[in-house]
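I set out below what I looked up in this structure, entry by entry. The topics are enclosed spaces, a pocket, a helix pair, single residues and the chain as a whole.

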Amino acid sequence: MNEIYSFSSEEYTADSKMIETMGIRGKRIMELAKLGVPTLPGFILNNDFLETEEESPKEHFTNFKAAITKIGNILDKKFGDPQNPLLVKMVVSPMLNMVYTVFSVHNIGLCDSTIDGFSAFVGESFAYHEYRNVILRIIELDLKSTEEKDRKKTLTSLLTKVKKVKSVAKIKEVMENVKEFYPLEIFTDAWKQSAFVENLYKRFFIGNEALNDSALLVQAMTFGNYGKESYFGSYYTRNIVTGKGELSGEYFENSFDSKGKNGKKITLIKAPYLDGLKQIASELERSYKEIRKITFTIEDGRLWVIDQFESSDKSTQAEMKTLLDLHKDEVIDDNYLIHALKPGRFAEILHPVLDKEAAKDVPFVQGGIAGAMGAAVGKIYFSTDRLLKEYKIAQQKNLDLDFILIMSSTYAEDVKAIEVARGVVTQEGGYASHAPVVARSLGKIAMVYPEMEFKKDHIVIDGKKLKEGDIIALDVPSYDKPKIYFSKLPLIEPKIKDCGILEFLEIIQRHIGDFDIHANADQPKDAELAKLFKADGIGLCRTEHMFFEEKRIAIFRTLIIADSKEERIKALNKLKPMQVGDFYNLFKIMESHPVTIRLLDAPLHEFLPHTRQSMIDFIEFALKQNPKLTEVEIRERCDMLGEQNPMLGHRGVRVAITYPEIYNMQVSAIFEAAYKLQKEGIDIVPEIMIPIIMDANEVRAIRFGKKIEGTEIIGITEIEKQVRDKMGGRALEYKVGVMIELPAAVLNADKIAKYADFFSFGTNDLTQTTNGLSRDDFNSFFTNYSEFDLLEKNPFQVLGKQVKEMISIAAERGHLTRPDISMGICGEHGAEPSNLPFIRSCGLNYASCSPYGIPIAKLALAQMNVEPAKGQRRAF
C-alpha cells in the first residue's frame with residue numbers, strides 16, 4: 001500500500017482494490033491510461049502512502065523522485081533542470097464524487113533556478129505570471145491548513161499583495177517580500193518546493209473530515225504555448241446538440257488556455273492531430289459508452305490528453321444517437337441501451353428546446369408548475385380573441401406566427417388559441433388542469449405560474465411589467481422547475497424523423513411484451529404521430545375537443561342553448577357530416593388498430609362564451625340562425641346552463657339521457673364512417689366509450705335503448721343496425737365500453753361489466769372524485785401538504801394509494817363477471833413511468849396517453865421487462 005502508482009499511455013494499475021484507494025480523479029486517470037490514449041504521465045500518492053511517509057521519509061522521497069524522473073523521461077525533460085524544466089501539478093483526488101473547494105497547485109518546480117529556462121520557451125511575462133500563481137496557491141493552501149490566528153492574518157495580507165501584482169518587475173519585487181515568510185529553499189530548489197507542497201496537502205487533509213482519506217494526483221504540465229507546434233484545446237467526442245458523429249470544440253494556437261481568445265473549430269486543426277483526436281474520441285466513447293469532453297495540449301508537436309469527463313450539457317438527442325451508434329457497432333446490447341436513458345428524457349427530444357448558449361446571459365424567473373414539456377418563444381396576449389386576431393394579421397402579412405397565450409385560466413373556447421399558439425401560461429390550475437391537458441394533447445408547451453399579477457392592461461411577473469405584444473421565452477424541462485425568460489431566444493426545433501427516436505423505438509418495441517400503449521388522439525395529426533410512435537391504437541378520442549374548432553363551436557353552442565328537440569336536431573344535422581369525417585380520418589389512419597371514441601363528456605357550460613367579445617360574436621351568429629331569438633333570450637339561456645359544480649353535473653352519459661339525440665348523432669356518425677371504410681376494404685375496430693357512468697342501468701339504456709311513455713332512448717345496437725341497413729354493409733365487429741371515473745362505478749363494476757366490453761379508467765376524474773380534490777384548485781395548497789409530508793407526490797401525476805385501490809377493486813369485480821373484459825387507463829397517469837408497474841400488475845391490458853407520452857411509456861415498459869446490463873443501474 002506504500003507504493004507509488006504511475007500512469008501513462010503505456011503504464012497503469014489494473015488492480016481494482018488499489019484503484020479504489022486512488023480517489024475519483026485517480027480512478028478516472030487510470031481508466032484513461034488503460035485505453036492507451038496519449039495520457040499526460042504522472043502518479044498517484046494514495047492516503048496510506050501519505051500517512052506513512054513520516055515513518056520512512058528517505059525511502060518515500062527516493063520513490064517520489066524516481067516517479068518524477070519517469071515522467072521527465074517520457075517528456076524529454078528533467079525536474080529542476082535550469083534549461084528545460086519539467087513542471088508538475090498536484091491535484092486532490094477525493095474518495096467521493098463531491099463538490100469541494102480545494103484547488104490544485106500547478107507548475108510545481110517553477111522557482112528561481114528554473115524560471116529563465118522556462119521563459120525561453122513561453123516568454124518572460126507568462127513565466128513570471130505562472131511563478132506568481134505557484135506561490136499564490138501555496139499561500140492559499142497554507143491559509144486553509146493553519147490554525148494560528150496571527151499567521152492567518154499575515155498570510156491574508158500577503159495573499160492580497162501577491163494577487164495585485166501583474167508586471168514582471170512587480171512580481172519579482174513581491175517575491176522578495178514573500179521569501180521572508182517561507183523557507184528560502186522552496187524558491188531555489190524544485191525538489192524542496194514539491195516536498196513542501198505535499199506536506200501542506202497532508203496537513204490540510206488531517207484537518208478536514210470530508211477529505212482526510214483523499215489521495216494526491218501528481219501529473220506533468222504541458223503547455224499549448226511551448227514552441228512552434230503548440231496548441232491548447234477542448235472538444236466533445238461528438239456534437240452535443242444534434243449527436244452528429246463529428247468532433248465539436250475549439251483549439252487555440254500557441255495558447256496556454258482559452259481565456260480572452262478566439263478559437264478555431266477543432267475540425268480545422270492539422271490533419272495528423274485531427275486524426276489523433278478522432279481516435280481518442282472513439283476510444284473514450286466506446287469505453288464510457290457516452291459522450292465525453294476532452295481537454296488536450298499539443299506541446300512542440302506532441303499530443304497529450306490533459307483530462308476527460310462526462311458531458312453534463314449534452315442533449316437527449318445527442319445522447320440517444322450516441323447510444324444508437326454504439327449499439328450498431330455492437331459495443332452495447334439492447335439491455336444497456338434501454339436502461340441508459342430515463343424515460344422522462346424523451347420529453348425533451350419531442351419538443352423544441354432553447355439554445356442554452358444564447359440564454360445564459362438573459363434575465364429570467366424560475367418557478368411554477370410544469371404542464372407540458374418543451375420550450376416556446378413568442379409575443380404574449382391575454383385573451384383568446386386578441387391572440388387569434390393577431391394570428392390572422394400575421395398570416396395575412398406573412399409575419400412570424402409565434403404567440404404565447406397568458407390567462408388566469410382557460411376553458412373550452414380557448415382551445416383554438418392554444419392550438420395556434422406556441423405555448424400557454426395560466427395563473428390557476430396545475431399539471432392536470434385544462435390548459436396543460438389540452439397543451440399536451442396538441443403538442444404545445446404549458447406551465448402554471450401562480451405568482452403573476454393581472455393588471456388592467458399588463459401583467460407583472462417577478463416585478464417586471466409585460467404588455468401584450470412583448471416577447472418572452474418559456475423553458476419547461478422534465479428535470480427542473482420551469483423558467484420564463486424576458487427576451488426573445490432562438491429555439492432548436494425537433495426533427496422527429498432525424499433525431500433517432502424512431503430507431504430507438506424499434507429496439508424498445510422488441511421488449512414491450514403483451515401490454516399495449518395507446519394514444520389519446522382527437523385529430524388526424526395526433527393519430528399520425530401516434531402511429532409513427534408505434535401506438536397500439538387510440539385509447540381515448542375526446543369528441544368534445546372536435547367541437548372547439550372555430551367553424552364548429554358556434555353551431556355547437558346553438559345546440560346546447562336550444563330549447564326544443566327540433567332546434568337541437570337542426571344543429572346536429574350540421575355537425576354530423578363533420579363528425580363522420582372526423583371518425584373516418586381517425587379510423588383510416590389507425591387501420592386494423594382499435595380506436596376508442598368517447599362520446600361527448602365535457603360539462604356543457606364549458607362550451608359557452610366566457611369573454612365579452614366571444615359572447616357578442618355568438619349572439620350575432622345565433623340571431624342569424626334563428627331570427628326569432630333575442631339577445632336577452634340568448635344570454636338567459638347561457639346563464640341557465642351554469643352549474644354550481646359542473647364537473648359533477650350535467651355531463652357525459654347524463655347528457656345522453658337528457659338529450660338522446662346528441663349521442664344518437666355521434667354513434668350514427670361513427671358507424672357511417674366505419675361502414676364507408678369497410679366498403680373501401682379497410683379493416684377497422686371501432687370502440688364506443690360511455691363516460692361518467694354510475695351504474696349498470698345507464699350502460700344498458702345507452703347500449704340497448706329504453707322506451708318510456710312518450711319518449712325513447714335509441715340504443716347503440718339499434719343505431720348500428722340502421723346504419724348497416726342503409727349502407728348495405730356486413731355486420732361489423734365493434735365494442736361498447738365505459739369510462740370508470742366515479743367511486744360508484746367502481747363499486748358497481750361487476751354489474752356494469754354485464755353490459756360493457758371494456759373498462760377504461762379515467763384517472764384524472766377518478767382522483768378528483770376519490771379524494772375530493774379539484775385538479776384545477778389543488779395546487780393552491782399542495783405545497784403546504786408536501787412540506788408537512790402529508791402528500792408525497794402530486795396525485796394528478798402519480799397514482800395515489802386510494803385510487804390504486806379503486807382501480808384494483810373495479811378490475812377484480814369486472815373480471816369476475818366477464819373474464820375476457822379488456823381494461824386500460826386513459827388519463828395522463830398512463831405516461832408516468834412510476835405508475836406502470838401497478839397498472840400492469842392489477843390486470844389492465846393497456847395505458848393510453850398523449851402521443852408525446854407514448855415513447856416515454858414504451859421505454860418505461862421495456863425497462864420493466866429487461867434487466868440492466870452488468871454494472872448498469874436501473875433507469876427508474
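**Cavities**

I looked up the largest cavity and noted about 60 Å³ of space in it. I worked on a predicted model, in which local features need pLDDT of at least 70 and side-chain atom pairs count only at pLDDT 80 or more, while totals for chains, interfaces and linings use all residues. Residues are numbered from 1 along each chain as its sequence is written, and side-chain values use heavy atoms, with hydrogens and water left out.

I recorded the rule for these spaces: on a 1 Å grid over the protein atoms alone, a cavity is a set of points where a 1.4 Å probe fits but cannot get out. A pocket is an open set with protein on both sides within 12 Å along at least five of seven lines, and lining residues have an atom within 4 Å of a point. Grid points are joined across faces, edges and corners, and a volume is the space filled by probe spheres set on the points.

By this rule I have 2 cavities of 30 Å³ or more. The lining of the largest cavity consists of Arg 25, Arg 28, Ile 29, Lys 89, Leu 217, Gln 219, Ile 306 and Asp 307. Helix 2 (23-34), strand 7 and strand 12 are the elements that give two or more residues to this lining; helix 2 has the largest share, 3 residues. Helices (H or I, at least four residues) and strands (E, at least two) are DSSP runs, numbered from the N terminus.

I sorted the lining of the largest cavity by class and obtained 3 nonpolar, 1 polar and 4 charged residues. Here Ala, Val, Leu, Ile, Met, Phe, Trp, Tyr, Cys and Pro count as nonpolar, Asp, Glu, Lys and Arg as charged, and the others, Gly among them, as polar.

The second largest cavity holds about 50 Å³ of space. I found it lined by Ala 656, Pro 660, Tyr 663, Asn 664, Val 667, Ile 702, Ile 713, Ile 714, Gly 715 and Ile 716. Helix 26 (residues 660-679) gives the most to this lining, 4 residues. The classes are 8 nonpolar, 2 polar and no charged.

**Second largest pocket**

I noted a volume of about 920 Å³ for the second largest pocket. Its lining has 46 residues, and His 434, Glu 606, Met 647, Arg 775 and Asp 776 lie nearest its centre. Two or more lining residues come from each of helix 18 (434-442), strand 27 (538-542) and helix 31 (763-771). By class, the lining of this pocket divides into 15 nonpolar, 18 polar and 13 charged residues.

**Helix 23 against helix 24**

I looked up how helix 23 (residues 612-625) and helix 24 (residues 631-640) pack: the angle is about 120 degrees and the axes are 10 Å apart. Axes are lines fitted to C-alpha atoms, for helices over the stretch in contact, and angles run from 0 to 180 degrees between N-to-C directions. Helix 23 contributes Met 615, Phe 618, Ile 619, Ala 622 and Leu 623 to the contact (heavy atoms within 4.5 Å), and helix 24 contributes Glu 631, Ile 634, Arg 635 and Cys 638. I counted 7 nonpolar, no polar and 2 charged residues in this contact.

**Single residues**

Most residues other than glycine have a negative phi. I entered Asp 300 as a non-glycine residue with a positive phi of about 50 degrees. Asp 300 sits in the loop between strand 11 (292-299) and strand 12 (302-310), and is exposed at 53% relative accessible area. The cut-offs are under 20% for buried, over 50% for exposed and partly exposed in between (1.4 Å probe, protein chains only).

Ile 692, also not a glycine, has a positive phi of about 55 degrees. Ile 692 lies in the loop between strand 29 (685-690) and helix 27 (696-704), and counts as buried at 2% relative accessibility.

I placed Asn 225 in the loop between strand 7 (215-220) and strand 8 (231-236). Asn 225 is buried, at 10% relative accessibility. Leaving out residues up to four places away in sequence, Asn 225 touches Phe 121, Val 122, Phe 126, Ser 230, Asn 254, Ser 255 and Phe 256.

**Whole chain**

I closed with the protein chain, which has 35 helices and 35 strands. Of its 876 residues, 57% count as buried. Along its principal axes the C-alpha trace spans about 115 × 60 × 55 Å.
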